[in-house]
Amino acid sequence: MSIESNLAELRKKIADAAARAGKSPSDITLVAVTKTVDVPTIKEAIDAGVTDIGENYVQDSARKYDSIKCGARWHMIGHLQTNKVKQAVHIFDMIQSVDSLRLAAEIGRRSLEIGKTTKVLVEVNISGEESKTGVTPFEVYSLCEQIAGIEGINLSGLMGIAQFTDDADSVRHSFALLRNLWEKLPEPNRKYLSMGMTSDFEIAVEEGSNMVRIGSAIFGVRTVQYLTK
Ligand SMILES: *Cc1c(COP(=O)(O)O)cnc(C)c1O
(Lines give C-alpha, C1' and ligand atoms only; values in the text may rest on other atoms or scores of the structure.)
Protein backbone atom coordinates (compact mmCIF):
# COMPACT_ATOMS: atom_id res chain seq x y z
CA MET A 1 0.00 0.00 0.00
CA SER A 2 1.25 3.50 -0.82
CA ILE A 3 1.34 6.36 1.68
CA GLU A 4 -1.21 8.15 -0.45
CA SER A 5 -3.74 5.33 -0.39
CA ASN A 6 -3.13 4.69 3.32
CA LEU A 7 -3.88 8.36 3.96
CA ALA A 8 -7.01 8.29 1.82
CA GLU A 9 -8.33 5.28 3.69
CA LEU A 10 -7.44 6.84 7.04
CA ARG A 11 -9.12 10.14 6.20
CA LYS A 12 -12.27 8.29 5.24
CA LYS A 13 -12.33 6.51 8.62
CA ILE A 14 -11.67 9.77 10.46
CA ALA A 15 -14.49 11.45 8.53
CA ASP A 16 -16.89 8.61 9.36
CA ALA A 17 -15.99 8.77 13.05
CA ALA A 18 -16.32 12.58 12.99
CA ALA A 19 -19.78 12.25 11.49
CA ARG A 20 -20.76 9.88 14.29
CA ALA A 21 -19.60 12.56 16.75
CA GLY A 22 -21.60 15.23 14.90
CA LYS A 23 -18.49 16.93 13.55
CA SER A 24 -16.97 17.71 10.21
CA PRO A 25 -13.67 16.08 9.18
CA SER A 26 -12.04 19.51 9.10
CA ASP A 27 -12.58 19.73 12.88
CA ILE A 28 -10.04 16.93 13.37
CA THR A 29 -6.33 17.60 12.96
CA LEU A 30 -4.32 14.63 11.77
CA VAL A 31 -0.81 14.51 13.19
CA ALA A 32 1.26 12.01 11.19
CA VAL A 33 3.65 10.32 13.62
CA THR A 34 7.02 9.90 11.93
CA LYS A 35 9.29 8.34 14.56
CA THR A 36 11.50 5.84 12.68
CA VAL A 37 10.28 7.24 9.33
CA ASP A 38 12.95 8.64 7.02
CA VAL A 39 12.95 12.07 5.36
CA PRO A 40 11.98 11.03 1.80
CA THR A 41 8.96 9.15 3.17
CA ILE A 42 7.95 12.13 5.31
CA LYS A 43 8.18 14.33 2.21
CA GLU A 44 5.97 11.88 0.36
CA ALA A 45 3.37 12.20 3.14
CA ILE A 46 3.57 16.00 3.00
CA ASP A 47 3.03 15.86 -0.77
CA ALA A 48 -0.03 13.72 -0.09
CA GLY A 49 -1.47 16.45 2.13
CA VAL A 50 -0.03 15.89 5.61
CA THR A 51 0.29 19.25 7.40
CA ASP A 52 1.30 18.15 10.91
CA ILE A 53 4.14 15.87 11.98
CA GLY A 54 4.63 14.20 15.35
CA GLU A 55 8.06 13.16 16.63
CA ASN A 56 9.16 11.52 19.89
CA TYR A 57 12.84 12.40 20.04
CA VAL A 58 14.51 15.81 19.83
CA GLN A 59 17.70 14.45 18.28
CA ASP A 60 15.89 12.62 15.46
CA SER A 61 13.62 15.57 14.84
CA ALA A 62 16.51 18.01 14.58
CA ARG A 63 18.06 15.95 11.80
CA LYS A 64 14.78 15.68 9.90
CA TYR A 65 13.82 19.29 10.55
CA ASP A 66 16.91 20.51 8.72
CA SER A 67 15.60 18.98 5.48
CA ILE A 68 11.89 19.62 5.92
CA LYS A 69 11.55 22.74 8.08
CA CYS A 70 8.45 24.78 7.33
CA GLY A 71 6.91 22.15 5.09
CA ALA A 72 4.83 21.13 8.10
CA ARG A 73 3.92 22.00 11.68
CA TRP A 74 6.00 20.03 14.17
CA HIS A 75 4.60 18.38 17.31
CA MET A 76 6.68 16.93 20.11
CA ILE A 77 4.73 13.94 21.43
CA GLY A 78 7.42 12.06 23.36
CA HIS A 79 8.77 12.64 26.84
CA LEU A 80 10.87 15.80 26.86
CA GLN A 81 13.85 16.28 29.14
CA THR A 82 14.47 19.79 30.44
CA ASN A 83 17.99 19.82 29.02
CA LYS A 84 16.61 19.28 25.48
CA VAL A 85 14.12 22.16 25.64
CA LYS A 86 16.47 24.74 24.18
CA GLN A 87 16.82 22.68 21.02
CA ALA A 88 13.17 21.61 21.02
CA VAL A 89 11.68 25.11 20.93
CA HIS A 90 13.50 25.81 17.67
CA ILE A 91 11.79 22.87 16.02
CA PHE A 92 8.36 22.41 17.52
CA ASP A 93 5.23 24.49 17.12
CA MET A 94 3.53 22.42 19.80
CA ILE A 95 4.83 20.35 22.71
CA GLN A 96 2.14 17.86 23.69
CA SER A 97 3.94 16.12 26.53
CA VAL A 98 4.14 18.73 29.28
CA ASP A 99 3.76 17.11 32.69
CA SER A 100 5.48 19.45 35.14
CA LEU A 101 5.71 23.09 36.08
CA ARG A 102 9.47 22.91 35.70
CA LEU A 103 9.25 21.72 32.10
CA ALA A 104 6.60 24.31 31.20
CA ALA A 105 8.67 27.10 32.75
CA GLU A 106 11.74 26.04 30.80
CA ILE A 107 9.76 25.89 27.53
CA GLY A 108 8.50 29.41 28.25
CA ARG A 109 11.94 30.74 29.09
CA ARG A 110 13.62 29.21 26.04
CA SER A 111 10.79 30.26 23.72
CA LEU A 112 11.01 33.88 24.88
CA GLU A 113 14.76 33.80 24.23
CA ILE A 114 14.07 33.22 20.54
CA GLY A 115 11.02 35.48 20.37
CA LYS A 116 8.55 32.65 20.01
CA THR A 117 5.41 31.38 21.70
CA THR A 118 5.19 27.59 21.87
CA LYS A 119 1.82 25.90 22.14
CA VAL A 120 1.74 23.27 24.87
CA LEU A 121 -0.63 20.52 25.89
CA VAL A 122 -0.63 18.93 29.32
CA GLU A 123 -0.20 15.17 29.07
CA VAL A 124 -2.54 13.24 31.33
CA ASN A 125 -2.03 9.64 32.35
CA ILE A 126 -5.49 8.27 31.54
CA SER A 127 -4.53 4.61 31.36
CA GLY A 128 -3.53 4.36 35.00
CA GLU A 129 -0.49 2.38 33.92
CA GLU A 130 2.54 3.26 35.97
CA SER A 131 4.96 3.12 33.05
CA LYS A 132 3.15 5.92 31.26
CA THR A 133 4.16 9.56 31.49
CA GLY A 134 1.75 12.38 32.26
CA VAL A 135 0.08 13.83 35.33
CA THR A 136 -2.76 12.05 37.08
CA PRO A 137 -6.32 13.27 36.41
CA PHE A 138 -6.29 14.72 39.94
CA GLU A 139 -3.29 16.94 39.17
CA VAL A 140 -4.51 18.34 35.84
CA TYR A 141 -6.20 21.53 37.03
CA SER A 142 -3.55 22.60 39.48
CA LEU A 143 -0.82 22.18 36.84
CA CYS A 144 -2.93 23.98 34.21
CA GLU A 145 -3.54 26.88 36.60
CA GLN A 146 0.16 27.09 37.41
CA ILE A 147 1.31 27.14 33.80
CA ALA A 148 -1.51 29.05 32.05
CA GLY A 149 0.09 32.42 32.79
CA ILE A 150 3.67 31.54 31.85
CA GLU A 151 5.02 33.84 29.16
CA GLY A 152 6.35 32.20 26.03
CA ILE A 153 3.91 29.32 26.14
CA ASN A 154 0.30 29.05 25.14
CA LEU A 155 -1.58 26.35 27.04
CA SER A 156 -3.86 24.93 24.36
CA GLY A 157 -5.33 21.70 25.70
CA LEU A 158 -4.71 18.14 26.86
CA MET A 159 -3.13 14.99 25.46
CA GLY A 160 -3.54 11.38 26.56
CA ILE A 161 -2.63 7.83 25.59
CA ALA A 162 -5.10 5.06 26.30
CA GLN A 163 -4.10 1.64 27.58
CA PHE A 164 -3.01 -0.94 25.00
CA THR A 165 -5.83 -3.43 25.16
CA ASP A 166 -8.49 -5.04 23.00
CA ASP A 167 -11.07 -3.98 25.55
CA ALA A 168 -12.77 -1.16 23.62
CA ASP A 169 -14.98 -0.23 26.57
CA SER A 170 -12.09 0.55 28.85
CA VAL A 171 -10.35 2.55 26.09
CA ARG A 172 -13.58 4.51 25.55
CA HIS A 173 -13.83 5.12 29.27
CA SER A 174 -10.31 6.57 29.38
CA PHE A 175 -11.01 8.91 26.46
CA ALA A 176 -14.29 10.05 28.01
CA LEU A 177 -12.42 10.84 31.22
CA LEU A 178 -9.94 13.02 29.33
CA ARG A 179 -12.71 14.80 27.43
CA ASN A 180 -14.49 15.59 30.70
CA LEU A 181 -11.33 17.09 32.16
CA TRP A 182 -10.73 19.07 28.98
CA GLU A 183 -14.26 20.48 28.80
CA LYS A 184 -13.87 22.14 32.19
CA LEU A 185 -10.74 24.07 31.27
CA PRO A 186 -11.07 27.81 30.61
CA GLU A 187 -11.99 28.42 26.97
CA PRO A 188 -8.60 29.76 25.79
CA ASN A 189 -6.88 26.66 27.19
CA ARG A 190 -9.03 24.03 25.51
CA LYS A 191 -8.42 24.35 21.81
CA TYR A 192 -6.98 20.87 21.36
CA LEU A 193 -7.93 17.49 22.75
CA SER A 194 -5.20 15.19 21.45
CA MET A 195 -6.19 11.55 21.74
CA GLY A 196 -6.28 8.53 19.46
CA MET A 197 -3.60 6.46 17.73
CA THR A 198 -3.75 3.79 15.01
CA SER A 199 -5.44 1.22 17.21
CA ASP A 200 -8.04 3.49 18.81
CA PHE A 201 -8.54 6.74 16.85
CA GLU A 202 -12.12 5.94 15.87
CA ILE A 203 -13.15 5.54 19.51
CA ALA A 204 -11.17 8.70 20.37
CA VAL A 205 -12.93 10.80 17.73
CA GLU A 206 -16.32 9.45 18.80
CA GLU A 207 -15.42 10.55 22.34
CA GLY A 208 -14.55 14.09 21.28
CA SER A 209 -10.93 14.08 20.13
CA ASN A 210 -10.05 16.88 17.69
CA MET A 211 -6.43 15.83 17.18
CA VAL A 212 -5.33 12.28 16.38
CA ARG A 213 -1.70 11.11 16.32
CA ILE A 214 -1.24 8.33 13.81
CA GLY A 215 1.86 6.46 12.66
CA SER A 216 1.45 2.83 11.62
CA ALA A 217 -1.80 3.30 9.69
CA ILE A 218 0.06 5.71 7.40
CA PHE A 219 3.62 4.40 7.30
CA GLY A 220 3.20 0.72 8.15
CA VAL A 221 4.10 -1.12 11.31
CA ARG A 222 7.36 0.05 12.88
CA THR A 223 10.06 -2.61 12.89
CA VAL A 224 12.20 -0.67 15.34
CA GLN A 225 10.46 -0.46 18.68
CA TYR A 226 11.24 2.74 20.49
CA LEU A 227 10.83 3.06 24.22
CA THR A 228 8.50 5.86 25.19
CA LYS A 229 10.75 7.15 27.96
C1 LIG B 1 4.07 6.36 18.42
C2 LIG B 1 3.04 7.25 18.97
C3 LIG B 1 1.81 7.46 18.32
C4 LIG B 1 1.42 6.75 17.02
O5 LIG B 1 1.31 5.39 17.19
P6 LIG B 1 0.66 4.42 16.08
O7 LIG B 1 0.13 3.30 16.86
O8 LIG B 1 1.76 4.04 15.17
O9 LIG B 1 -0.39 5.20 15.38
C10 LIG B 1 0.92 8.36 18.88
N11 LIG B 1 1.19 9.00 20.03
C12 LIG B 1 2.34 8.82 20.70
C13 LIG B 1 2.57 9.57 21.98
C14 LIG B 1 3.30 7.93 20.20
O15 LIG B 1 4.44 7.75 20.88
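This is a short tour of a predicted model, with suggestions for what to select at each stop.

**Stop 1: the ligand**

Start by selecting the ligand and showing the residues around it. You should find Val-33, Lys-35, Asn-56, Ile-77, Ile-161, Met-197, Thr-198, Arg-213, Ile-214, Gly-215, Ser-216 and Arg-222. What mix of residues makes up this shell? Five are nonpolar, four are polar and three are charged.

Now look at three places where an oxygen atom of the ligand comes up against the protein. Pick Thr-198: an N or O atom in its side chain is 2.5 Å from an oxygen atom of the ligand. Next, pick Asn-56, where the distance from a side-chain N or O atom to a ligand oxygen is 2.8 Å. For Gly-215, show the backbone, since a backbone N or O atom of this residue lies 2.8 Å from an oxygen atom of the ligand. How much of the ligand does the protein bury? Taken alone, the ligand exposes 380 Å², and 93% of that is buried by the protein.

**Stop 2: Met-76 in strand β3**

Stay with Asn-56 for a moment, because it also appears in the next list of contacts. Select Met-76, which you will find in strand β3, residues 73-76. Is Met-76 buried or exposed? Its relative accessibility is 1%, so Met-76 counts as buried.

Show what Met-76 touches, leaving out residues up to four places away in sequence: Glu-55, Asn-56, Tyr-57, Val-58, Phe-92, Met-94, Ile-95, Gln-96 and Ser-97. Then try a distance between C-alpha atoms. Met-76 and Ser-194 are 118 residues apart in sequence, and their C-alpha atoms are 12 Å apart in space.

**Stop 3: helix α2 and the loops beside it**

Select Thr-36 in the loop between β1 (29-33) and α2 (39-47). Thr-36 is not a glycine, yet its phi is positive, at about 70°. Thr-36 has 33% relative accessibility and therefore counts as partly exposed.

Move along to helix α2 itself. Which of its residues are buried? They are Val-39, Ile-42, Ala-45 and Ile-46. These four are on the same side of α2 because they cover an arc of only 115° around the axis. A general rule helps here: an α-helix has 3.6 residues a turn, so residues three or four places apart point the same way. Turn the view to the other side of α2, where Pro-40 and Asp-47 are exposed. To see what covers the buried residues of α2, add elements including α1 (3-20), β2 (52-55), α3 (58-68) and α9 (216-219).

After α2, stop at Gly-49, which has a positive phi near 110°. Then select Thr-51 in the loop between α2 and β2. Thr-51 counts as partly exposed because its relative accessibility is 41%. The side chains of Thr-51 and Asp-52 are joined by a polar contact of 2.6 Å. Setting aside neighbours within four places in sequence, Thr-51 is in contact with Ala-72 and Arg-73. For a wider view, draw a line from Thr-51 to Thr-133: their C-alpha atoms are separated by 26 Å, and the residues are 82 apart along the chain.

**Stop 4: helix α6 and the loop before it**

Select Asn-125, in the loop between β5 and α6. Asn-125 counts as buried because its relative accessibility is 14%, and the cut-off for buried is under 20%. What does its side chain reach? One target is the backbone nitrogen of Ser-127, at 3.2 Å. The side chain of Asn-125 also reaches the backbone nitrogen of Gly-128, at 2.9 Å.

Now select α6, residues 140-148, and colour its buried residues: Val-140, Leu-143, Cys-144 and Ile-147. They lie on the same side of α6 because they cover an arc of only 100° around the axis. Their cover includes β4 (94-98), α5 (101-113), β5 (118-124), β6 (153-160) and α7 (168-183).

**Stop 5: Ser-174 in helix α7**

Finish in α7, one of the elements that cover the buried residues of α6. Select Ser-174, which is in this helix. Ser-174 is buried because its relative accessible area is 4%. Beyond residues up to four places away in sequence, Ser-174 touches Ile-126 and Gln-163. Zoom in on Gln-163, whose side chain is joined to that of Ser-174 by a polar contact of 2.9 Å.

Terms used:
Residues are numbered from 1 along each chain as its sequence is written. This is a predicted model: local features need pLDDT of at least 70, side-chain atom pairs count only at pLDDT 80 or more; totals for chains, interfaces and linings use all residues. Side-chain values use heavy atoms; hydrogens and water are left out. Buried means under 20% relative accessible area, exposed over 50%, partly exposed in between (1.4 Å probe, protein chains only). Helices (H or I, at least four residues) and strands (E, at least two) are DSSP runs, numbered from the N terminus. The arc is that of the directions from the helix axis to the C-beta atoms. Contact means heavy atoms within 4.5 Å. A polar contact is a pair of N or O atoms within 3.5 Å; within protein, one must be able to donate a hydrogen and the other to accept it, and residues adjacent in sequence count only if both atoms are side-chain atoms. A residue is near a molecule or strand if one of its heavy atoms lies within 4 Å of it. Accessible areas come from the Shrake-Rupley method with a 1.4 Å probe; for residues, only the protein chains shown count as cover. Ala, Val, Leu, Ile, Met, Phe, Trp, Tyr, Cys and Pro count as nonpolar, Asp, Glu, Lys and Arg as charged, and the others, Gly among them, as polar.
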